[in-house]
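Please go through this model with me and explain how its labels are earned. I would like each label set against its cut-off before a conclusion is drawn.

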Amino acid sequence: MREIQLPLSQTQKVRLQKALEQLESLSTKVNSDASVIIADSIHVNHEDGVLKGHGTADLNGEVVATLCGVVERVNKLVYVRALRSRYKPEVGDIVIGRVVEVAQKRWRLEINYNQDAVLLLSSMNMPDGVQRRRTAVDELNMRCIFEENDVVCAEVRGFQHDGLHLQARSRKYGKLNRGQLLTVPPYLVKRQKQHFHHLEEFGIDLILGCNGFIWVGEHVEAKDDMIEDQVSQSDSQVLFPNKNCVSLEEQEKNYTILETRKYISRAANAVRVLSTLGFNITLEIIKGIIDLSLSMNLDIHDMLGSEFCVLVAEKEAERRSSMKKRR
Amino acid sequence: MVGLSLGETHFIQGGIAQDLRCDGRKRLTYRPISVETGVIPQTNGSARVRMGATDVIASVKAELGKPSLLQPDKGKVSIYVDCSSTAEPAFEGRGGDELAAELSNALQRCLLGGKSGAGAGIDLSSLIVVEGKICWDLYIDGLVVSSDGNLLDALGAAIKAALSNTGIPRVQVAAGTSNDEHPEVDVSDEEFLQFDTSRVPVIVTLTKVGRHYIVDATSEEESQMSSAVSISVNRQGHICGITKRGGVGLDPSIILDMISVAKHVSEQLINKLDSEIASAEAEEES
């Protein structure tokens with residue numbers, strides 16, 4: 001999803017500008033020195049012997065930024081973290097990737113990193129759920145598990161000699177079906193305790209990948225996974241299953257029901273609105289936007305219009321100022 | 001662009017079958033369209049059109065030239081399209097040439113009519129200065145800045161907006177020149193003739209996915225298409241050109257149905273586009 005510029009009318013420009021200024025004033029009080037642009041000076045205590053890290057430079061005894069971003073301090077290390085950049089993995093991150101290659105005993109996944117991530121056959125649960133050693137037959141059947149262009153959810157395991165390794169050792173990881181994948185800048189997704197969300201009232205699953213890939217799809221129960229995997233297990237001996245034998249009529253019956261699809265589209269548009277405005281993407285904000293559009297009885301497509309985006313910005317400014325007063 | 005998984009393609013096809021696409025649109029609904037005119041000051045006319053994440057720029061340059069021997073009473077119009085490397089990694093180097101040539105041919109077929117010049121959306125006779133001797137040559141250039149599907153419709157809309165923004169200098173022909181000599185002309189720097197765009201058509205592309213067809217397909221939806229028919233319709237409801245792409249053949253009854261649907265859709269699109277162009281021109285003057 002590429003960045004979309006909103007076609008704003010004059011009134012909407014003024015309203016959006018006011019809301020953004022209000023948001024900036026709220027955040028400025030807390031982190032007045034957090035964001036920097038190139039050549040901004042960074043306040044440091046020289047007596048402590050600071051370490052100048054990435055994105056900083058020494059100029060006449062003063063530490064200045066060489067990047068636009070946010071200042072981070074880790075003990076004595078001071079560095080600037082650029083916002084508009086590719087995803088930088090950390091161990092334990094939940095990521096969503098797309099299979100680009102099936103190699104020997106592994107899949108290569110594109111996760112918006114500067115190189116492909118590796119998911120080993122031994123780093124994931126087998127479809128039948130049995131904990132056993134992988135055999136040569138399993139290697140031959142790797143395309144029955146994930147094939148090219150499949151969307152996979154996994155966890156960052158760490159860096160090895162041959163690149164970044166992922167693992168999918170839990171039932172919640174694995175292939176993602178019946179939904180759509182959205183791409184947002186990675187800095188909009190904060191690391192949280194929970195990245196898997198099941199919106200029960202809507203019947204949809206929401207996975208916020210730390211790499212900016214967000215999956216919105218139909219809810220899948222763990223039990224259904226077991227049953228479905230058993231069905232596919234019976235075909236595991238077939239190297240190239242014939243997936244095109246499903247007729248058009250049978251395919252239509254398998255479509256997501258319209259009510260669930262409406263909620264999937266509404267949630268996806270909520271994420272798109274947040275990405276357009278550059279706001280943090282968290283579950284409560286997404287839910288708030290969905291409820292706002294439902295209360296206004298707004299058409300799903302109109303959520304992407306200028307008027308609703310400006311309204312979301314204004315509501316977010318109100319919400320943060322009320323949270324500010326509550327403290 | 002990257003490929004799609006089976007689950008995603010199934011979801012997209014289901015959305016089209018159930019008349020609720022991934023972003024909540026119906027089959028015949030367009031993404032938000034925004035128009036900006038006068039974006040390139042060096043040209044006689046220019047415009048920028050955004051349809052969702054698709055972003056294109058069109059410009060018009062006018063030059064005095066000599067009419068073709070075959071049609072001495074008509075001016076000349078050329079259309080070229082270039083795909084910027086920033087739009088898609090695949091457009092790097094010569095990667096976008098094939099798509100650019102395809103778009104150029106489709107635009108010429110939709111806007112300029114046949115070889116006889118009949119049915120052209122642009123009135124070529126208005127470009128004549130002296131019949132058989134001097135005419136205006138229009139060079140229309142399109143640039144794809146960002147590509148998210150439906151490039152042909154966006155380029156057609158951008159060209160229509162650019163022609164609305166075009167000012168052709170007024171030309172005074174020196175009197176008393178004999179009929180055999182090359183006439184002397186004085187091109188004014190102050191006075192400009194506004195181009196008449198009331199007959200310039202809009203292009204509506206109907207993309208067939210499964211059993212249904214949709215307008216304004218995104219990149220993901222275009223990857224699922226079996227074929228696509230582009231129909232240019234003007235304000236009077238006349239068909240100015242039809243092109244088809246995609247490998248699957250279409251039944252004639254389906255094409256006739258597509259034409260009637262395109263006529264219906266083009267009414268709203270023309271009204272929307274004309275109001276956007278008018279507001280863009282007003283904003284440019286202020």
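Q: What makes the pairing of Glu90(A) and Arg191(A) a salt bridge?
A: In this predicted model, the side chains of Glu90(A) and Arg191(A) come to 3.7 Å, N to O. A salt bridge requires a side-chain nitrogen of Lys or Arg within 4 Å of a carboxyl oxygen of Asp or Glu, so the pair qualifies. Glu90(A) sits in the loop between β6 (77-82) and β7 (94-103) of chain A, and Arg191(A) in the loop between β13 (179-183) and β14 (196-199), 101 residues apart, which links distant parts of the chain. Helices (H or I, at least four residues) and strands (E, at least two) are DSSP runs numbered from the N terminus.

Q: On what basis were residues numbered and values accepted?
A: Residues are numbered from 1 along each chain as its sequence is written, while chains are lettered from A and ligands numbered from 1 in the order in which they are written. Because this is a predicted model, local features need pLDDT of at least 70 and side-chain atom pairs count only at pLDDT 80 or more, whereas totals for chains, interfaces and linings use all residues; side-chain values use heavy atoms, with hydrogens and water left out.

Q: Why are Glu90(A) and Arg191(A) called partly exposed?
A: Glu90(A) has 44% relative accessibility and Arg191(A) has a relative accessible area of 45%. Buried means under 20% relative accessible area, exposed over 50%, and partly exposed in between (1.4 Å probe, protein chains only), so both residues take the middle label.

Q: How do you know that the salt bridge of Glu8(B) and Arg98(A) joins two chains?
A: The side chains of Glu8(B) and Arg98(A) meet in a salt bridge at 2.9 Å, N to O. Glu8(B) lies in helix α1 (residues 6-17) of chain B and Arg98(A) in strand β7 of chain A, so the pair joins two chains. Both Glu8(B) and Arg98(A) are buried.

Q: What makes Arg178(A) and Glu218(A) a salt bridge, and where do they lie?
A: Their side chains meet at 3.2 Å, N to O, and the pair therefore satisfies the salt-bridge rule. Arg178(A) is in the loop between β12 (174-175) and β13 of chain A, while Glu218(A) is in strand β16 (residues 213-218), 40 residues apart. Arg178(A), with a relative accessible area of 28%, is partly exposed, and Glu218(A), at 22% relative accessibility, is partly exposed as well.

Q: Why is Trp136(B) called buried, and what does it contact?
A: Trp136(B) has a relative accessible area of 7% and is therefore buried. Trp136(B) belongs to strand β6 (residues 134-146) of chain B. Contact means heavy atoms within 4.5 Å; leaving aside neighbours within four places in sequence, the residues in contact with Trp136(B) include Leu64(B), Leu127(B), Val129(B) and Ile168(B). The C-alpha atoms of Trp136(B) and Ile168(B), 32 residues apart along the chain, are separated by 8.7 Å.

Q: Why is Lys18(A) called exposed?
A: Lys18(A) has a relative accessible area of 57%, and therefore counts as exposed. Lys18(A) is placed in helix α1 (residues 10-30) of chain A, and its C-alpha atom is separated by 8.3 Å from that of Glu314(A), 296 residues apart along the chain.
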